[in-house]
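Biologist: I should like a close look at a single part of this model. Please take one helix and describe its geometry, its surroundings and the confidence attached to the prediction.

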Amino acid sequence: MGNETIESYILESAKWGKFLAIVGYVFMGLMVLFAFVIMFGMSELSKATGTKFPSMLLGLFYLLFTGINFIPITYLYRFSTEAKQAVENNDEEQYTSAFGNLKSLLKFTGIFTIVVLSLYALMIVIAVPMAMILK
């Protein structure tokens with residue numbers, strides 16, 4: 001690439017990105033473990049105490065949330081490893097692949113944000129009339 005400042009920024013971004021991706025993978029593993037504890041441990045506790053707790057539903061929610069998080073974390077990890085290799089090898093194809101993963105990460109995050117904001121708006125549209133009706 002040639003510009004040492006840009007290369008140093010890319011390398012530093014790759015290092016932090018890899019760190020964040022690894023931490024993300026570790027937390028995903030913990031969330032999967034926690035999901036199974038909730039699904040099976042809490043269901044046994046609910047049986048023992050005679051209370052109703054939607055442990056399977058909550059555990060499945062955690063698994064779904066973990067699955068959704070897998071996508072951006074994987075894009076971040078791929079960007080980080082390929083960006084580092086691109087700088088080390090001065091390889092234009094690796095730069096292209098690295099920034100393709102960064103683009104996919106940002107695109108996924110943007111679409112996910114739109115979906116979440118739309119769900120919030122839908123909840124408000126439903127909650128306000130319900131509040132007026134129940135008043």
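Modeller: The account below concerns helix 2 and its contact with helix 3. The model is predicted, and the mean pLDDT of the protein chain is 91, with 92% of its residues at 70 or more. Among the elements of the chain, helix 3 has the highest mean pLDDT, 95, whereas helix 1 (residues 4-49) has the lowest, 90.

Helix 2 comprises 35 residues, and the distance from its first C-alpha to its last is 50 Å, close to the 51 Å expected at 1.5 Å a residue. Within helix 2 there is nevertheless a kink of about 25° at Phe70, and the proline Pro72 follows shortly after this position. Just after the helix, Asn90 adopts a positive phi of about 50°.

Two packed helices are described by the angle between their axes and the distance between the axes. For helix 2 (residues 55-89) and helix 3 (residues 92-134), the axes come within 7 Å and cross at roughly 155°. Angles over 145 degrees count as roughly antiparallel, and helix 2 and helix 3 are therefore roughly antiparallel to each other. Their crossing is left-handed. As for composition, the residues of the contact of helix 2 with helix 3 comprise 16 nonpolar, 6 polar and 2 charged.

In summary, helix 2 carries a kink at Phe70, has Asn90 with a positive phi just after its end, and runs roughly antiparallel to helix 3.

Definitions and conventions. Residues numbered from 1 in each chain as written. Predicted model: local features only at pLDDT ≥ 70, side-chain atom pairs only at ≥ 80, totals over all residues. Heavy atoms only, no water. Axes fitted to C-alpha atoms, helices over the stretch in contact; angles between N-to-C directions. Helix = DSSP H or I, 4+ residues; strand = E, 2+ residues; numbered from the N terminus. Parallel < 35°, antiparallel > 145°, perpendicular 65-115°, else oblique. Left-handed = near helix turned anticlockwise from the far one by under 90°. Nonpolar A, V, L, I, M, F, W, Y, C, P; charged D, E, K, R; others polar. Expected span 1.5 Å × (residues − 1). Bend = angle between axes of the 7 residues up to and from the residue. pLDDT = per-residue confidence, 0-100.
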